[in-house]
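Dear colleague,

Please find below the structure that I am handing over to you, followed by an account of what was found in it. I would be grateful if you would read the account with the structure open beside it.

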Amino acid sequence: MRNPARWAATLGLTATAVCGPLTGAARATEAAPSALYAPSALVLTVGHGETAALAAPERAVTLDCAARPVGTHPAPLAACAELLGAGGDLDALQARDDVLCTREYRPVVVTVDGVWQGQRVSYERTFGNECARNAHGAFFAF
């Protein structure tokens, strides 16, 4: 004679094993929101020296420009606007004409690592001094 409880348990476990992964996949698809913005999260560091290899980072800030500008950068809205205006080209960020700096040479190196609009970014730029770095706009002034 068959045991109905054992038969029901076996049938239930089989159904769960076969159909469970299918319903989990459907739920995962429903729960995953579609991305409206490409990822744009950066980490910026600054240190004194001619290259990042020779200069220990003295300060680091974060900048996230995806949905709305946020991060530990002191001016995330202005920094993201400058970077967006330059099309993400960090070399295109030029010094303002209305800022005068001394010709003192105390090199400052800035590194930028992360993702800009879904593309990997690894960037290094050396400025002659702090004034020259800050003259390049809000993005580099942190």
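A disulfide is counted here when two cysteine sulfur atoms lie within 2.5 Å of each other. Cys65 and Cys80 form such a link, with their sulfur atoms 1.9 Å apart. Please bear in mind throughout that this is a predicted model.

Overall organisation

The protein chain contains 3 helices and 4 strands. Read from the N terminus, these elements follow the order α-β-β-α-β-β-α. The chain has 142 residues, of which 28% count as buried. Among contacts between residues at least 6 apart in sequence, 56% join residues at least 24 apart. The accessible surface of the chain is about 9300 Å², and 60% of this belongs to carbon and sulfur atoms.

The disulfides

In general terms, a disulfide is a covalent bond between the sulfur atoms of two cysteines. The structure holds 2 disulfides. Counting bonded cysteines along the chain, their pattern is 1-2, 3-4.

To return to the pair already introduced, the link of Cys65 and Cys80 is left-handed, with -80 degrees about the S-S bond. Cys65 lies in the loop between S2 and H2, while Cys80 belongs to helix H2, so the bond ties together parts that are 15 residues apart in sequence. Cys65 has a relative accessibility of 13% and therefore counts as buried. Cys80 is also buried, at 6% relative accessibility.

The other disulfide joins Cys101 to Cys131, with an S to S distance of 2.0 Å. Because Cys101 lies in the loop between H2 and S3 and Cys131 lies in helix H3 (residues 130-134), this pair ties together parts that are 30 residues apart in sequence. The torsion about the S-S bond of Cys101 and Cys131 is about -75 degrees, so this disulfide is left-handed. As for exposure, Cys101 is partly exposed, with a relative accessible area of 30%, and Cys131 is partly exposed at 29% relative accessibility.

Helix H2 and its surroundings

Which residues of helix H2 are buried? Helix H2 spans residues 76-85, and its buried residues are Pro76, Ala79, Cys80 and Leu83. These residues lie on the same side of H2, because they cover an arc of only 95 degrees around the axis. The general background is that an α-helix has 3.6 residues a turn, so residues three or four places apart point the same way.

The cover over the buried residues of H2 includes strand S1 (41-48), strand S2 (59-64) and strand S3 (108-116). On the face of H2 turned away from its buried side are the exposed residues Leu77 and Gly85. Just after the helix, Gly87 adopts a positive phi of about 65 degrees.

Salt bridges

For these pairs, the side-chain nitrogen of Lys or Arg must lie within 4 Å of a carboxyl oxygen of Asp or Glu. By this rule the structure has 2 salt bridges.

One of them pairs Asp98 with Arg96, the closest N and O atoms being 3.3 Å apart. Asp98 is exposed, with a relative accessible area of 63%, whereas Arg96 counts as partly exposed at 43% relative accessibility.

The other brings together the side chains of Arg133 and Glu130, at 2.5 Å from N to O. Both residues belong to helix H3, where they are 3 residues apart, about one turn of the helix. Is Arg133 buried or exposed? Arg133 is buried, with a relative accessible area of 4%. Its partner Glu130 is partly exposed, with a relative accessible area of 28%.

A residue of strand S1

Finally, Ala41 is located in strand S1. Ala41 counts as partly exposed, at 40% relative accessibility. Leaving aside residues up to four places away in sequence, Ala41 touches Leu63, Asp64, Asp113, Gly114 and Val115. The C-alpha atoms of Ala41 and Pro69 are separated by 9.7 Å, and these residues are 28 places apart along the chain.

Yours sincerely

How values were computed. Residues are numbered from 1 along each chain as its sequence is written. This is a predicted model: local features need pLDDT of at least 70, side-chain atom pairs count only at pLDDT 80 or more; totals for chains, interfaces and linings use all residues. Side-chain values use heavy atoms; hydrogens and water are left out. Buried means under 20% relative accessible area, exposed over 50%, partly exposed in between (1.4 Å probe, protein chains only). Helices (H or I, at least four residues) and strands (E, at least two) are DSSP runs, numbered from the N terminus. The arc is that of the directions from the helix axis to the C-beta atoms. Contact means heavy atoms within 4.5 Å. Accessible areas come from the Shrake-Rupley method with a 1.4 Å probe; for residues, only the protein chains shown count as cover.
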